[in-house]
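Trainee: I would like a close look at a single part of this structure, set within the picture of the whole chain. Could you take me through it carefully?

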Amino acid sequence: MSSRITCEVRTTAPVAVVRLAGALDLGTMRSVHESLNDALVDQPEALVVDMSEVDVKDRLALSVFAATARRAEEWPAVPVVLCAPSPVAARWLAESTTCRVVPVSADCAEATRVASARSALRMRTRLEPVAEACRRARELVTDACARWNLPDAAGPAALVLSELVGNVVRHAGTPMQVTVTLRRPYLHLAVVDGSRAEAEPRGTDLNAEGGRGLLLVRELAQRWGSVPAGQGKAVWAMLPAT
């Protein structure tokens, strides 16, 4: 990270607390964004950003927190809360669109309570890249939908998650972590594998024997995407939670 701003990540399970110190401006906001994204790789239940030692030099740089919150909403489907901004930064936040996306608390303890209260229902499992992984993924999401009373989501979610897992089995060939999260109004599905190769639809050839799984995901999901996650990537999809 730039020498003008530093980042310290402290995990207060199940919440990750990121303490920033230094000058936040248009020159350092990119490194802040990268550090906050790195803190999401471990998939905490929430992300708290401690701004008590941040000197905001440019109000436009505060948009980095809204960008992080939007990324975290998609994957790993966790809330982001800011805490202890300076009086000037607090005023700029209140005047910007950032506060519409990211809540602001007076101190770290309050922010942790707010973040914990906004955490979502979640089920996880680790799978090996074998043929039966798709079946186990379908069982996981079917069980989750039954527990959370989402009868209409069960069928589409099972199909989407099976395709995401099948994509890892066919192309990445690495162990994976599968996560099903209920954060209304969406059911979030995510698969993290050990390959950095971006997941993307491979074509629309109807005569091909395979390669249409992600096209199906694209059609069934409200939104979906692929983002770097540590040494691999996360492929996620969001479906209406009904």
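Mentor: What follows begins with the whole chain and then turns to one strand, its surroundings and the loops and helices that can be read alongside it.

The model is predicted, and its average pLDDT is 91, with 93% of the residues scoring at least 70. Caution is due at residues 205-211, where pLDDT stays under 50 and where the model has four contacts beyond four places in sequence. The protein has eight helices and 10 strands, and its radius of gyration of 19 Å is close to the 18 Å that the globule rule gives for 242 residues, so it is as compact as a globular protein of that length. Along the principal axes the C-alpha atoms fill a box of roughly 60 × 35 × 30 Å, and buried residues account for 51% of the 242 residues. Of the contacts between residues at least 6 apart in sequence, 67% join residues at least 24 apart.

The part to look at closely is strand 8, which covers residues 186-193 and has tyrosine 186 within it. Tyrosine 186 has a relative accessibility of 18% and therefore counts as buried, since the cut-off for that class is under 20%. Leaving aside neighbours within four places in sequence, tyrosine 186 is in contact with Thr181, Gln222, Arg223, Met238, Leu239, Pro240 and Ala241. Proline 185 lies in the loop between strand 7 (176-183) and strand 8, and the peptide bond that joins arginine 184 to proline 185 is cis, with omega about 15°.

From tyrosine 186 one can also look across to alanine 77, which is 109 residues away along the chain although the two C-alpha atoms are separated by 9.5 Å. Alanine 77 belongs to the loop between helix 2 and strand 4, has a phi near 65°, a positive value in a residue other than glycine, and is buried with a relative accessible area of 1%. Proline 76 is found in that loop as well, between helix 2 (63-74) and strand 4 (80-83), and a cis peptide bond with omega about 10° joins tryptophan 75 to proline 76.

Lysine 233 brings in strand 10, which spans residues 232-240. Not counting residues up to four places away in sequence, lysine 233 touches Val191, Val192 and Asp193, and its other contacts include Ala172, Ser195, Glu198 and Ser226. With a relative accessibility of 5%, lysine 233 counts as buried. Its C-alpha atom is separated by 20 Å from that of alanine 16, which lies 217 residues away along the chain.

Turning to the helices, helix 7 (residues 151-172) and helix 8 (residues 213-220) pack at an angle of about 145°, with their axes 9 Å apart, and their crossing is left-handed. In this contact Pro156, Leu159, Val160, Glu163, Leu164 and Asn167 of helix 7 meet Gly213, Leu214, Leu216, Val217 and Leu220 of helix 8, and the residues involved divide into eight nonpolar, two polar and one charged. In the loop between helix 6 (133-147) and helix 7 sits asparagine 149, whose phi near 55° is a positive value in a residue other than glycine; asparagine 149 is exposed, with a relative accessible area of 61%.

Methods: Residues are numbered from 1 along each chain as its sequence is written. This is a predicted model: local features need pLDDT of at least 70, side-chain atom pairs count only at pLDDT 80 or more; totals for chains, interfaces and linings use all residues. Side-chain values use heavy atoms; hydrogens and water are left out. pLDDT is the predictor's confidence in each residue, from 0 to 100. Contact means heavy atoms within 4.5 Å. Axes are lines fitted to C-alpha atoms, for helices over the stretch in contact, and angles run from 0 to 180 degrees between N-to-C directions. Helices (H or I, at least four residues) and strands (E, at least two) are DSSP runs, numbered from the N terminus. A crossing is left-handed if the near helix is turned anticlockwise from the far one by less than a right angle, and right-handed if clockwise. Ala, Val, Leu, Ile, Met, Phe, Trp, Tyr, Cys and Pro count as nonpolar, Asp, Glu, Lys and Arg as charged, and the others, Gly among them, as polar. The radius of gyration is taken over C-alpha atoms; the globule rule is 2.2 Å times the number of residues to the power 0.38. Buried means under 20% relative accessible area, exposed over 50%, partly exposed in between (1.4 Å probe, protein chains only).
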